[in-house]
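Trainee: Please take me closely through a single chain of this model, and then through whatever touches that chain.

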Amino acid sequence: MTLAAASHGFLTPSGVEIAFLLVGLVTLGAAVVTVTTKQLVHAALWLVVALGGIAVEYLLLTAEFIAWVQVLIYVGSVVVLLLFGLMLTKAPIGRSPDADSGNRWAALLVAVASAAVLVWVVVDAFRASWIDLDGAAQGSTEVSGRSLFQHWVLPFEALSVLLLAALVGAIVLSRRNGEGPQETGRAAAPVSREGQR
Amino acid sequence: MHLAYPAVLAVLLFCVGLYGVLARRNAILVLMSVELMLNAVNLNLVAFDVWLRDTLHAGQALTLFTIAVAAAEIGIGLAIVLLVYRNRGSSDVDKLTDLAERSAEDEQAHPQSQQQAEAAA
Amino acid sequence: MTTTTTAVLVPLLPFLGAAFGLLLGRRAPGFVRPLAVLPTLAAAVLAVVVAARQGGGAALDAATELTPTGSVPIELALHIDGFAALVAVLVGVVATCVQLYSTGYLRDDPRYASYAALVSLFTSAMLLVVYSGDLMVLLVGWEIMGICSYFLVGHYWETEAARSASLKAFLVTKLGDVPFLFGLFALAADAGTFRITGVLNAVTSGDLHHPTLIALLLLAGVAGKSAQFPLHTWLPDAMAGPTPVSALIHAATMVAAGVYFIARLLPVFAASAAALVVLAVMAAVTMVGSALAALAQDDIKRVLAYSTVGQLGYMTGALAVGDRSAAVFHLLSHGAFKALLFLGAGVIIHAAGTNSLAAMSRMRGLSKRIPDAFWTVTVALLALAAIPPFAGFFSKEAVLGAAEHAAVGEAHLALGGAHGHLGSVPSAAGWTVLIAGLLTALLTAAYATRLWLLAFFGRGPEEAPDHGKQPFAMNAVLWVLFIPTAAFGIAAPVLPDWFDGNELTPTLVTSVLGTGLALAGALIMYGAWRHTTAVAARAPLGAVAVDPDAAPAVSEEEAIATHAAAYGDNAGAPDPADPGRLLLGPLHAPATCGFHLDAVYAALFVRPVRAAARLVRFLDREVVDTYVHGAGTGARWLGSAVRRAQTGNVQTYLGALLAGSLVLAVAAVLVATGTGA
């Protein structure tokens with residue numbers, strides 16, 4: 001590590017670092033636009049850019065499998081879900097002046113303060129740490145699959161149960177009440193009361 | 001590659017997401033901001049996993065799990081938002097003030113939201 | 001069964017009877033009467049057994065320590081000498097008589113169960129006082145009697161008189177009990193023990209450093225319990241309780257406790273000449289004052305109450321001249337005839353339908369309606385007036401003889417062989433007691449005659465009302481008590497073996513003087529009565545509550561409740577035909593109300609206490625409450641200020657939460673780097 005530290009320097013960035021920096025700037029900009037834009041649908045689209053940027057960063061960190069999973073799940077499904085959510089809640093198309101709530105300035109203060117503190121701490125801690133990206137790719141599909149199904153099988157299976165539960169929960173929560181029989185689940189009971197009110 | 005690059009990027013993304021969670025009015029935009037924060041954490045996990053050359057690849061495995069949990073979270077979250085919207089006619093977070101003690105102005109405002117709810121239903 | 005076990009059972013049985021009576025009274029009314037009478041009867045029988053076994057010999061001492069109690073140990077101790085054995089017999093017999101009498105007297109009373117249980121508890125407490133060899137255990141019984149007297153005097157709590165009388169009895173005796181407690185502590189601090197034998201040994205060996213202070217403090221408690229001047233005022237008012245309770249309090253328990261206590265600890269008192277003189281003056285004032293007051297009372301029971309106060313004065317007088325044998329002798333005989341007098345008075349009140357002597361004196365033929373009560377009460381009154389050959393004569397002459405010995409300087413304190421001679425009795429005390437005693441003998445005979453004549457020889461247009469036959473239990477009890485009243489005098493030669501050995505048989509000089517004065521008093525009163533009967537015919541008076549079917553207690557309660565309404569107050573009656581009024585002249589009015597002692601108390605204690613209470617109320621309402629209200633208002637203001645932060649907006653909450661945790665994180669990082677570097 002000390003050898004690596006000696007061979008690298010801040011002022012002599014490698015190509016990977018430059019690429020990482022540029023993609024990072026794009027990602028950050030997309031993220032900032034996502035949380036500040038007044039057009040709700042645009043926010044979702046800028047989120048696609050930010051998540052895609054992160055996927056590229058994964059690739060640069062040699063975590064290929066995670067990068068593709070990121071593209072598949074986030075860009076492919078989550079954002080689509082969010083867009084569906086926006087449409088189902090009749091979000092206005094075009095600029096909506098009240099997209100931000102009243103405590104925007106307090107939120108900005110908290111965010112900037114925490115950013116300052118965290119950046120200070122992180123930079124202070126990892127000033128002299130270098131990632132060695134040479135050698136075999138650390139996140140190839142083979143490596144990830146091997147570790148996942150050798151060491152992480154049990155959490156993986158538990159996660160599948162969690163996903164199933166989330167699926168059932170989402171269905172129960174979002175179906176309309178009053179038509180179906182009561183065996184839709186216990187979670188429906190308070191909702192039905194709410195609906196009759 | 002210098003470790004500070006992914007770490008600082010993750011910090012900044014996290015704080016941007018934090019700002020979004022605190023400042024956005026629409027619940028779906030809040031969910032988007034939460035996704036940003038989760039991704040910042042994921043980036044950290046992957047970067048440190050690569051840095052440490054972990055033989056178990058705990059960071060990458062945890063990232064996968066986080067992605068799955070985030071997918072579940074977004075599904076449930078959207079279902080809740082839809083339910084709220086259906087009952088109240090609005091998905092604005094700052095209108096969900098039932099936790100507060102109801103003051104005189106709210107008493108006047110409340111029937112309005114009830115009417116909206118009825119209209120939505 | 002050993003004597004100790006038997007002696008332990010004596011106070012325990014009535015206590016268990018009381019406990020079961022209170023527990024089962026509601027649920028099993030059939031058990032109430034046996035539970036009231038049988039334990040008391042058994043205790044009386046066992047007391048007789050204990051007395052027979054003890055037989056006047058050496059004192060029986062037994063003690064067990066339940067738990068260590070610090071520097072001065074408190075032990076469950078028995079100390080049974082001749083005094084304790086005989087007084088316990090008296091208590092047991094009188095309590096049994098009272099319980100039997102009560103079954104008839106309160107036969108329809110709804111609260112009979114609790115009443116009987118309290119009487120049993122009262123008896124048990126007195127027996128505990130009598131047998132106890134430890135001053136702290138004695139104090140327990142002493143205080144239980146105080147609370148029982150409160151409940152029993154207030155048995156007719158529907159009437160205002162009973163309520164205030166019970167409160168007065170409690171408070172006045174407590175007024176004496178506070179110094180009494182301090183006296184006990186001082187005594188134990190000096191003697192190093194609460195055991196009576198230990199205390200007496202300390203006195204003998206001269207370890208008692210503050211005898212006068214201790215004796216005077218104890219004297220206050222005794223004055224409260226035994227109704228001596230100036231704390232006697234509760235006793236006449238306590239007549240608002242049922243008659244059997246009066247008999248119990250006056251004859252056997254409560255008031256006897258004080259006299260018995262001094263008799264037990266007489267060496268402590270005798271160690272201080274000042275205490276003896278105070279005791280003598282207290283006894284003299286009590287005797288004469290109460291006898292004068294008794295002459296003016298209209299309520300038959302109040303006459304008897306004042307006579308009790310006077311007879312107790314005789315007992316304390318005997319103690320003041322250092323002769324506790326005479327005191328306890330008078331205690332025993334007085335217990336018998338005073339119980340008889342009260343129980344007889346209950347019969348008279350029931351038969352006449354009134355407790356007013358003025359009303360009775362206008363009724364013809366009361367004595368024929370209740371022949372049992374007439375004969376027994378007559379003998380008891382003769383005993384009270386100390387006419388030979390009845391019990392009162394012997395005991396009173398023993399007191400007067402002791403006073404005479406002290407007056408001429410022959411007295412020496414013979415307190416049993418172990419204690420030896422402890423010093424001489426001041427002759428001033430002897431003279432005080434002797435003169436007051438002789439004067440009181442005259443007055444006692446006078447008021448006894450007045451009571452007898454007014455109650456039984458009324459002359460008027462009306463016949464005495466017919467209430468039917470008196471309950472058998474009540475009449476039988478009268479005859480049981482008649483035996484010691486008439487014949488206890490023959491015990492006089494035997495009793496010195498049980499007591500300290502002092503001669504108790506009457507001496508010639510005091511006998512002639514006392515009996516002569518008593519006869520003179522009776523004759524003067526008879527003459528006055530003959531003089532006033534003519535007036536009585538012209539001045540009709542009377543409020544009679546005739547209720548033939550009701551239980552005796554009901555007619556008594558009505559009589560007490562209506563007395564103040566009919567005659568102006570509870571004590572006297574505006575009867576011009578009263579021979580007592582003729583004899584007392586200008587003294588009559590103050591004597592009626594107990595020489596205005598109550599008014600003095602009102603000015604000395606009641607008014608300052610009321611003023612203090614008003615001050616405290618003012619401070620509480622205007623000063624303390626201001627702070628309380630201020631605290632409430634401040635909290636409300638603070639609440640409404642804080643409530644503004646509770647908007648219900650989750651984002652605000654979350655922002656505040658994150659800002660706070662950020663500050664904490666910065667602090668933690670600073671501390672970590674500060675310590676780390």
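Mentor: Helices (H or I, at least four residues) and strands (E, at least two) are taken here as DSSP runs, numbered from the N terminus. The model is predicted, and local features need pLDDT of at least 70 and side-chain atom pairs count only at pLDDT 80 or more, whereas totals for chains, interfaces and linings use all residues. Residues are numbered from 1 along each chain as its sequence is written, while chains are lettered from A and ligands numbered from 1 in the order in which they are written.

The part I would look at is chain B, and its secondary structure is quickly stated: chain B has four helices and zero strands, so that, read from the N terminus on, its elements follow the order α-α-α-α. Of the 121 residues of this chain, 54% are buried, where buried stands for 20 or more other C-beta atoms, placed from the backbone, within 10 Å of the residue's own. Counting only contacts in chain B between residues at least 6 apart in sequence, 54% join residues at least 24 apart; a contact is called when two C-beta atoms, placed from the backbone, lie within 7 Å.

One stretch of chain B also carries a record, since an unreviewed UniProt entry lists residues 61-85 of chain B as "transmembrane region", an annotation that may be inferred rather than shown by experiment and is given in the numbering used here. In the model this span is 100% helix and 0% strand, and its end C-alpha atoms lie 36 Å apart.

Turning outward to chain A, 63 residues of chain B are in contact with 79 residues of chain A. On the chain B side, helix 1 (4-23), helix 2 (27-52) and helix 3 (58-88) each supply at least two residues, and helix 3 of chain B gives the most, with 21 residues. Sorted by class, that side of chain B consists of 47 nonpolar, 11 polar and five charged residues, with Ala, Val, Leu, Ile, Met, Phe, Trp, Tyr, Cys and Pro counted as nonpolar, Asp, Glu, Lys and Arg as charged, and the others, Gly among them, as polar.

The partner, chain A, contains eight helices and zero strands, which run α-α-α-α-α-α-α-α from the N terminus on. Of its 197 residues, 28% are buried, and among contacts in chain A between residues at least 6 apart in sequence, 59% join residues at least 24 apart. For chain A the unreviewed UniProt entry lists residues 18-36, 43-61, 67-93, 105-123 and 152-173 under "transmembrane region". Residues 18-36 of chain A are 100% helix and 0% strand, with end C-alpha atoms 27 Å apart, and residues 105-123 of chain A are likewise 100% helix and 0% strand, with end C-alpha atoms 26 Å apart.

Chain B also touches chain C: 10 residues of chain C are in contact with 11 residues of chain B. Within the chain C side of this interface, the largest share, five residues, comes from helix 28 (residues 650-676) of chain C, and by class the side of chain C that touches chain B has three nonpolar, six polar and one charged residue.

Key: Buried ≥ 20, exposed ≤ 12 C-beta atoms within 10 Å, placed from the backbone.
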